[in-house]
Amino acid sequence: QVQLVESGGGLVQAGGSLRLSCAASGTIFRVNIMGWYRQAPGKQRELVARITSGGSTNYADSAKGRFTISRDNAKNTVYLQMNSLKPEDTAVYYCNADVRVDPRMYNYWGQGTQVTVSS
């Protein structure tokens, strides 16, 4: 059993910053790609950023230059530093990870953390 537990969401004014964290726990052999997605009301879930175990990253255009994804492989934890937040960043943010459990790879989602940016 693998769990992804997110923290760090909240309410912030436009222009402010938040840092999200997501820790994977359980019977884990290796965590491969970790990422952050978000879903705003009435919209589809979309990729924000993701990072490989080797540190390669890619970002949605909306996140480039404002958000930074990083990870601590020893802690199986991924972070999302969000700066210059805008009201349109308001959404539930979900952590996602590809986790190798014994020989097989599985994809897991966190429960989500609310980010609200006020204007």
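The following questions and answers concern Asn73 and the strands around it in a predicted model. Residues are numbered from 1 along each chain as its sequence is written. Local features need pLDDT of at least 70, side-chain atom pairs count only at pLDDT 80 or more, and totals for chains, interfaces and linings use all residues, while side-chain values use heavy atoms, with hydrogens and water left out.

Student: Between which strands does the loop with Asn73 lie?
Tutor: Strands (E) are DSSP runs of at least two residues, numbered from the N terminus. The loop that holds Asn73 is flanked by E7 (67–72) and E8 (77–82).

Student: Is Asn73 buried, partly exposed or exposed?
Tutor: Buried means under 20% relative accessible area, exposed over 50%, and partly exposed in between (1.4 Å probe, protein chains only). Because its relative accessibility is 40%, Asn73 counts as partly exposed.

Student: How far is the backbone oxygen of Ser53 from a polar atom of the Asn73 side chain?
Tutor: Along the chain, Asn73 and Gly54 are 19 residues apart, and their C-alpha atoms are separated by 9.1 Å. From the backbone oxygen of Ser53 to a polar atom of the Asn73 side chain, the distance is 3.0 Å.

Student: How many bridges join E7 to E8?
Tutor: Two strands pair if DSSP finds at least two bridges between them. E7 and E8 run antiparallel, and Phe67 stands opposite Met82 in E8. The number of bridges joining E7 to E8 is six.

Student: Which residue of E8 is the bridge partner of Arg19?
Tutor: Strand E3 (residues 18–26) pairs with E8 in the antiparallel sense over six bridges. In E8, the bridge partner of Arg19 is Gln81.

Conventions
Helices (H or I, at least four residues) and strands (E, at least two) are DSSP runs, numbered from the N terminus. A polar contact is a pair of N or O atoms within 3.5 Å; within protein, one must be able to donate a hydrogen and the other to accept it, and residues adjacent in sequence count only if both atoms are side-chain atoms.
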